[in-house]
Amino acid sequence: MPNLSRRRMLGGSAVAAGAALATATVSSSSPAQAAPGDPALTADVVIVGGGLSGLTAARDLVGGGKSVIVLEARDRAGGRVYGMPLGDGTTSEGGAEFIGPTQDRIAALATSLGVQTFPTYNTGKNVYYRNGKRSLYATDGLLGAVPPDWGILDLEIAMLRIGDMAKKITPGTPWTAAEAEEWDSQTVHTWSRGATISNGARFLLDAFISSTLSCRSKDVSMLYVLNYVASAGNETNPGNIDRLINTKAGGQESRFVGGSQEVPLRLAAQLGDRIKYNAPVRRIVQENGGVRVEADGVNVSAKRVVVAMSPAIANKIEFLPGLPASRAQLMQRFPMGSVAKFVAVYDTPFWRAEGLTGQALADSGAIDATFDNSPPDGSRGILMGFINQTNIRRLDGKSPAEVTAAGLDSFTKMFGTKASTPLRTAFQRWDNETWSGGGPVGYTAPGVLTEFGPALREPCGLVHWAGTETSTYWTGYMDGAVRSGERVAQELLPLL
Ligand SMILES: Cc1cc2nc3c(=O)[nH]c(=O)nc-3n(C[C@H](O)[C@H](O)[C@H](O)COP(=O)(O)OP(=O)(O)OC[C@H]3O[C@@H](n4cnc5c(N)ncnc54)[C@H](O)[C@@H]3O)c2cc1C
């Protein structure tokens with residue numbers, strides 16, 4: 001499958017916004033509602049969440065001359081973008097990592113912050129580990145990166161059908177499609193068992209879902225996945241499945257020099273003390289024509305609030321008065337995928353010398369997809385593997401040593417015995433993270449988008465919504481997060 005691996009208008013205005021960031025101020029006062037001893041702040045807008053969506057919204061609002069306070073639950077910015085410490089003073093991407101064509105908004109943001117990209121290592125053959133057998137395959141043949149499994153034609157026909165169906169979706173509003181009810185009444189599993197006849201094609205379709213959404217095909221609505229495919233593009237290039245899943249010319253084409261976390265960290269540095277860390281928001285109260293946002297250690301009064309996170313995590317916040325039922329129910333029906341990243345560090349990227357890309361796909365073991373995560377100069381080798389859905393749940397309660405053993409066992413099956421003796425290892429689980437609840441993205445089961453989808457971006461009084469899940473293009477990706485922050489700032493500026 002095209003690498004079946006994970007994931008396959010700022011420009012000059014950013015400079016202006018950056019300059020404004022340096023000069024705008026945050027006002028402070030003492031509203032009556034502040035808890036004794038807690039600082040009480042005021043701003044035009046309070047943003048809940050210091051991930052890429054919240055930080056981008058803050059940048060644009062400050063650029064528009066508004067005062068902003070960002071309340072972030074963690075002690076760091078970036079949310080699902082995180083540099084995982086390797087124990088030697090360096091980091092490797094523990095969350096979001098790749099960027100590809102048509103992901104224009106994250107690209108523009110990174111450029112404005114001086115963060116460069118470099119190509120994901122993609123020279124040589126991929127590894128396919130299936131039914132206990134390891135095989136190698138080239139990704140530049142007629143079938144592209146599709147692994148050599150029986151049922152490839154069956155798969156190709158199914159993929160073409162998915163592509164045709166996705167063309168009928170308007171990205172961001174899939175519930176408006178003529179066949180929306182039909183597609184939202186079945187899971188990808190149900191659809192694929194009707195659309196294919198071979199085990200190989202079914203396995204690869206399941207692997208497509210696992211590697212892009214970190215859930216099982218039986219968890220997710222066909223309509224959701226068709227929208228995901230349709231959103232893998234931009235205003236001038238319609239989304240398609242190849243761009244979604246490929247490395248070459250796809251979503252996994254490039255990485256960031258210094259790691260993806262450089263983008264949110266540099267943006268957060270520009271926002272300075274407008275960001276309050278270790279400040280989980282517990283309650284949002286709309287009263288007296290404004291909002292009061294109550295976080296641990298600080299309260300903020302503002303004209304409007306942006307909730308910049310996944311619907312599932314927003315559901316942990318208490319809203320007074322309560323949200324409309326369609327929004328409240330949507331947040332109960334938008335679970336996160338289950339994913340972890342496991343990395344092993346070696347003296348050299350030894351697989352390169354053996355003619356391998358470092359990309360693999362497996363049907364067994366803890367890790368189902370891998371990448372070469374080495375630094376740009378290849379001065380040391382880093383293999384990264386995804387532990388997705390059922391596989392990560394199987395590691396519940398296991399010690400770090402047991403998780404490490406499971407990860408190295410997978411790498412060894414894929415890349416040989418050299419993989420069993422790394423210099424060091426690290427892993428990052430997202431499903432156990434209080435302020436993420438999983439990753440890479442929230443998804444919906446059948447029946448949700450057609451009934452509750454219109455509530456996804458609709459403001460609830462003075463409460464506005466951002467987060468990659470709300471994005472029209474590249475929902476689920478860093479690009480979608482940035483787009484959603486830009487969209488919500490544009491939504492707010494005329495109202496302030
Ligand atoms: C393992 C993994 C791999 C990924 N790979 C890629 C990739 O290769 N390429 C790509 O483009 N994308 C990838 N993604 C997806 C990408 O990380 C997300 O789409 C993006 O970072 C989401 O940004 P966001 O601002 O919408 O949400 P988040 O990053 O989740 O930000 C929300 C913020 O809100 C904070 N928060 C939550 N609750 C509260 C509260 N009550 N009070 C205050 N703060 C709160 C959180 O701490 C967080 O900082 C990956 C994600 C994961 C987990």
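Two strands count as paired if DSSP finds at least two bridges between them. In this predicted model, strand β15, residues 356-362, meets that condition with strand β16, residues 369-372, because two bridges join them. The two strands run antiparallel. One bridge can be located by residue: A360 has T370 of β16 as its partner.

This pair belongs to an open sheet of seven strands, in which pairing is mixed. Strands of a sheet pair through backbone hydrogen bonds, in either a parallel or an antiparallel arrangement. Read across the sheet, the order is β7-β6-β15-β16-β17-β14-β18. The edges are formed by β7 (133-138) and β18 (424-429), each of which pairs on one side only. From one strand to the next, the twist averages 20 degrees.

Two helices lie across strands of the sheet. Helix α7, residues 199-213, lies across β6 (125-130), β15 and β17 (381-388). Its direction makes an angle of about 115 degrees with β6. Helix α15, residues 400-415, lies across β6, β7, β14 (339-346), β15, β16, β17 and β18. The angle between α15 and β14 is about 70 degrees.

The model also holds a ligand, which is surrounded by 38 residues. The closest are S53, E72, R80, V281 and M478. For R80, an N or O atom of the side chain is 2.8 Å from a ligand oxygen atom. Backbone N or O atoms also approach ligand oxygen: the distance is 2.8 Å for F98 and 3.4 Å for G79. On its own the ligand has 1000 Å² of accessible area, and the protein covers 99% of that area.

Key: Residues numbered from 1 in each chain as written. Predicted model: local features only at pLDDT ≥ 70, side-chain atom pairs only at ≥ 80, totals over all residues. Heavy atoms only, no water. Helix = DSSP H or I, 4+ residues; strand = E, 2+ residues; numbered from the N terminus. Axes fitted to C-alpha atoms, helices over the stretch in contact; angles between N-to-C directions. Contact = heavy atoms within 4.5 Å. Near = heavy atom within 4 Å. Polar contact = N/O pair within 3.5 Å; in protein donor to acceptor, adjacent residues only side chain to side chain. Areas by Shrake-Rupley, 256 points an atom, 1.4 Å probe, with all protein chains shown as cover.
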